[in-house]
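Biologist: Hi! I'm new to this one, could you walk me through it?

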Amino acid sequence: MGCVCVIAYSLLYSIAKGDVFGKDQPIILVLLDISPMLPVLDGVVMELQDCALPLLREVIPTDKVEVGFKDLDAAILVGSMPRKEGMERKDLLKANVAIFKTQGAALEKYAKKTVRVLVVGNPANTNCLIASKSAPSIPKENFSCLTRLDHNRARSQVAMRCGVPADAVKNVIIWGNHSSTQYPDVHHAMVNVHGKEVEAYDAVKDDSWLKGDFISTVQLRGAAVIKARKLSSAMSAAKAICDHMRDWWFGTLDGEFMSMGVYAGGNSYGIPEDLIYSFPVHIKNKSWNIHDGLPVNDFSRAKMDATAAELVEERDTALSFLSQ
């Protein structure tokens, strides 16, 4: 069972149960996979049926894009070509450009124009950009990539350090690429300590940790999970996907922002425009807005620019393949 299957396996139950789109929203799940996986999909369909979930109206397993993308309200693109040993990043990008060009074109042709698209498969930011460019009639704002897992990791690290529950920490930010250059930033985060909101730096009281091991722990957490489990993050990835989509559907709380990889056009943080870059966003009526006006110090600026530079390089390489 590949990581896609394991993530999807955790994810489907949560969606079908009503954890994402609401407790009164009937669900039709369309499961698209490659042809050799269809027998496995049939097993997943049986299990979903056996859960006897009241909201789940239908499950459609398919290997055809015209079935998989037809009239979708939400598309979660979990799969991508994983990096194999000895594989150059360039080769990985080339393989994924082909996949996400096809998926973008299928969204363009078959999905609703109001579809909300979440790209999870890595390199997620650039895959998302390619899908969006391949679906020109769907608004760019309808495409996003997953950095909520990184956001949740950052939130949890701060919470554990302060000895508080994870929901006592708010407004951490993941800037940039869903890769090891991402910048987990807590300069604007708040921690609820004994009922009082305190700035994260004051709550943690360890600047060297926040500027050092905290950042690298979040950046490299995926690799650490693989090393320990011999499998990539599945439960936590599925939870992050649910968090991301639920917030997109129902909005963020007043005074809070979440991290989401979105189109950088018109941002106020000096990030190159034609990228999918993770920003702090708030969401209302299924529309996100980048949270503007946060002061950026020199430490943050350098890290935000470094991850942007990696994304520019990825984008330019990917676009050269796209035009071939």
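Modeller: Happy to; we can go through strands, empty spaces, cysteines and a few backbone details. Keep in mind that this is a predicted model.

Biologist: Good to know. What does UniProt list for residues 6-143?

Modeller: The UniProt record, an unreviewed entry, gives them as "domain: Lactate/malate dehydrogenase N-terminal". In the model, that span is 44% helix and 16% strand, and its end C-alpha atoms lie 23 Å apart.

Biologist: Let's do strands. How many of the residues of strand β11 are buried?

Modeller: 6 of the 6, covering residues 258-263, so β11 is largely enclosed by the rest of the structure.

Biologist: And which way do β11 and β12 run?

Modeller: They run antiparallel, joined by 6 bridges, with β12 spanning residues 276-284. If you want a pair to look at, S259 has P280 in β12 as its bridge partner.

Biologist: What about β3, which of its residues are on the covered face?

Modeller: A75 and L77 are on the covered face of β3 (residues 74-77), while A74 and I76 are on the uncovered one. In a regular strand the side chains alternate between the two faces of the sheet.

Biologist: Which way do β3 and β4 run?

Modeller: Those two run parallel, with 4 bridges between β3 and β4 (residues 116-119). L77, from the covered face, has V119 as its bridge partner in β4.

Biologist: There's also a sheet with β6 in it. What is the strand order there?

Modeller: The order is β6-β9-β10, an open sheet of 3 strands with antiparallel pairing. β6 (169-170) and β10 (196-199) stand at the edges with a single partner strand each, so one side of each is left without a neighbour in the sheet. Between β6 and β9 (residues 190-193) there are 2 bridges, and K170 stands opposite M190 in β9.

Biologist: Switching topic: empty space. How many cavities of 30 Å³ or more are there?

Modeller: The count is 1, and the volume of that largest cavity is about 30 Å³. Its lining is made of N125, T126, L129, L275, I276, L311 and R315. Helices α5 (124-133) and α12 (298-322) are the elements giving two or more residues to that lining, with the largest share, 3 residues, coming from α5. By type, the lining divides into 4 nonpolar, 2 polar and 1 charged.

Biologist: How do you find spaces like that?

Modeller: Rolling a probe the size of a water molecule over the atoms shows where empty space is left.

Biologist: Nice. And how much space lies in the second largest pocket?

Modeller: About 380 Å³. It is lined by 18 residues, and L149, N152, R153, S156 and S236 lie nearest its centre.

Biologist: Which helices supply at least two residues of that lining?

Modeller: α1 (3-17), α6 (148-162), α10 (221-229) and α11 (235-250) each do. The largest share, 6 residues, comes from α6. The lining of this second largest pocket divides into 6 nonpolar, 6 polar and 6 charged.

Biologist: Now cysteines. How many disulfides does the structure hold?

Modeller: It holds 0. Take C128: the closest cysteine sulfur, in C145, is 5.5 Å away, which is too far for a bond.

Biologist: Is C128 buried or exposed?

Modeller: C128 is buried, with a relative accessible area of 0%.

Biologist: Anything odd in the backbone?

Modeller: A few spots to look at. Most residues other than glycine have a negative phi, and most peptide bonds are trans. N122 and P123, however, are joined by a cis peptide bond, with omega about -5°; P123 is found in the loop between β4 and α5.

Biologist: And which phi values are positive?

Modeller: D71 has a phi near 55° and sits in the loop between α3 (65-68) and β3. D71 is partly exposed, at a relative accessible area of 43%. K230 has a positive phi too, near 65°; it lies in the loop between α10 and α11 and counts as exposed at 65% relative accessibility.

Biologist: Last one: where does D42 lie?

Modeller: D42 lies in helix α2 (residues 38-50) and counts as partly exposed at 41% relative accessibility. From D42 to P139 it is 97 residues in sequence and 34 Å in space, C-alpha to C-alpha.

Definitions and conventions:
Residues are numbered from 1 along each chain as its sequence is written. This is a predicted model: local features need pLDDT of at least 70, side-chain atom pairs count only at pLDDT 80 or more; totals for chains, interfaces and linings use all residues. Side-chain values use heavy atoms; hydrogens and water are left out. Buried means under 20% relative accessible area, exposed over 50%, partly exposed in between (1.4 Å probe, protein chains only). Two strands pair if DSSP finds at least two bridges between them. UniProt positions are given in the numbering used here, feature names are shortened, and annotations may be inferred rather than shown by experiment. On a 1 Å grid over the protein atoms alone, a cavity is a set of points where a 1.4 Å probe fits but cannot get out, and a pocket is an open set with protein on both sides within 12 Å along at least five of seven lines; lining residues have an atom within 4 Å of a point. Grid points are joined across faces, edges and corners, and a volume is the space filled by probe spheres set on the points. Ala, Val, Leu, Ile, Met, Phe, Trp, Tyr, Cys and Pro count as nonpolar, Asp, Glu, Lys and Arg as charged, and the others, Gly among them, as polar. A disulfide is a pair of cysteine sulfur atoms within 2.5 Å.
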